[in-house]
Amino acid sequence: MVLADSVTRAGGSVIAHRRSEEPVGGAVAPPRSPAERASTRSRTGTPRLAKFHVPEILFGPGSLSEAAHAAVRLGARRPMLVTDPGLCAAGWPTQLCAHLAEAGLRPTVWEGVTPNPKDHEIAAGHVVYREQGCDVIVALGGGSVIDAAKGIALLAGNGGLITDYEGVDRMALPIPPMVMVPSTSGTGADVSQFCIVTDTARNTKITILGRALVPDMSIVDPHLLTTMPDWLNAATGLDALTHGIEAYVSRAHNPLTDHHALQAIALVGEHLERTMDHPAEEAARTCMAQAALEAGLAFTNAILGAAHAMSHQVGGLLDLPHGVINGVLLPHVIRFNAEPDPHRFVPIAQALGLPGRVAPDSTAGAAEAAEWAAAEVRRIADELGVPTGLGEIGVTEDDVPLLSTMTLADACLSTNPREADQSDIETLFRAAL
């Protein structure tokens, strides 16, 4: 699959062909026969059953008010609105509370979330949920707010400590309905089955994964993105890019996730830098909102890989923006994963704007494309002001063994396309220093 030269509107298909006379890694390839195309497809393996988790989604500028109607449909009387102080200052929770009140609801607002939500914050939020007799959870915020809301819902239905649920499908009982309203363009938490929480006792992030954590409703209003600070716009945009790339090469990918992953990659490549230069431009913001959504749909079903498994450990240790860490790590992980077989990275490079065409089945051309993709990710990160190495954000050589050990236990590593042992992860961390 190759992608169009540009993506200029949300919702349009990016599937097309790239017009260029110069190929990458060889002469211009002649048209392929059906047998040759089938041979190329066979590299990805025999088709298998694909399960696709997705909430109900409402997308478009001005859709914030629909969160109140969604809460009513889910049976709310006393919804809990989870948000954070920054969003309260921007005024969005006040607007949403007015919509909830107009719908006859009595919301409880809880804003006790910090970036990279902590286990004790989720415990405190659960106490408020229980004491106020809440019934439905509405989250308005970025990934930290949404993950905190999922954690509160999990405890409301199952009790205990949030750290009890690390791993896959550890919750046994139903959880309250959830309506998510993302205010950033990158995390995908509003459509995912992931909940990422900082375990403050171990200074690491834990991954909680389960079908029950897929929200009932995601309401994506691009207007909310206009109040993000530049650093957060950059960080969450790089997170969406990482989601798309890791989902596309994941061992658990399938044709349904592939489409969303490549759409997300193309949209981020085309529009993220523009949102930094023109933050009030609605078209670019809408495209980035779509990129975050499509990346979320891809990774919640295909899962992720080594970049996220490593990033979780650095974020837990140093409490740093997740997307920034991804921006540092991703080029190194691309090179590592592409080394044994680079062909899967060709569509990724094309989605990011690779000039020319790759000759079919050209390993040399595919390797060039994978290297180009890694360099392009680093170029984007440079344009956004992301540090060039983990050392600039506080990681030291002494941290590498512990970070690597914890990475091996992260659920995201299980779907990385290339096996990685302790030595491999340590080598990647050192390359990224």
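Which helix does His259 lie in?

## His259 in helix 8

His259 lies in helix 8, which covers residues 255-277. The model described here is predicted. With a relative accessible area of 28%, His259 is partly exposed, because that class holds values that are neither under 20% nor over 50%.

The chain position of Ala298 is 39 residues away from that of His259, and the C-alpha atoms of the two are separated by 8.0 Å. Ala298 is also one of the helix 9 residues that meet helix 7.

## Helix 7 against helix 9

Helix 7 spans residues 230-249 and helix 9 spans residues 282-302. The two pack with their axes 8 Å apart, at an angle of about 40°. Helix 7 is therefore oblique to helix 9. Their crossing is left-handed.

On the helix 7 side, the residues in contact are Asn233, Gly237, Ala240, His243, Gly244 and Ala247. They meet Arg285, Met288, Ala292, Ala295, Ala298, Phe299 and Ala302 of helix 9. Sorted by class, this contact has eight nonpolar residues, four polar residues and one charged residue.

## Two loop residues with positive phi

Ile303 sits in the loop between helix 9 and helix 10, the latter being residues 306-318. Its phi is near 65°, a positive value in a residue other than glycine. Ile303 has 13% relative accessibility and counts as buried, since the cut-off for that class is under 20%.

Asn116 is found in the loop between strand 4 (108-110) and helix 5 (119-131). Asn116, which is not glycine, has a positive phi near 55°. At 8% relative accessibility, Asn116 counts as buried.

Notes
Residues numbered from 1 in each chain as written. Predicted model: local features only at pLDDT ≥ 70, side-chain atom pairs only at ≥ 80, totals over all residues. Heavy atoms only, no water. Axes fitted to C-alpha atoms, helices over the stretch in contact; angles between N-to-C directions. Helix = DSSP H or I, 4+ residues; strand = E, 2+ residues; numbered from the N terminus. Parallel < 35°, antiparallel > 145°, perpendicular 65-115°, else oblique. Left-handed = near helix turned anticlockwise from the far one by under 90°. Contact = heavy atoms within 4.5 Å. Nonpolar A, V, L, I, M, F, W, Y, C, P; charged D, E, K, R; others polar. Buried < 20%, exposed > 50% of the residue type's maximum accessible area, 1.4 Å probe, protein only.
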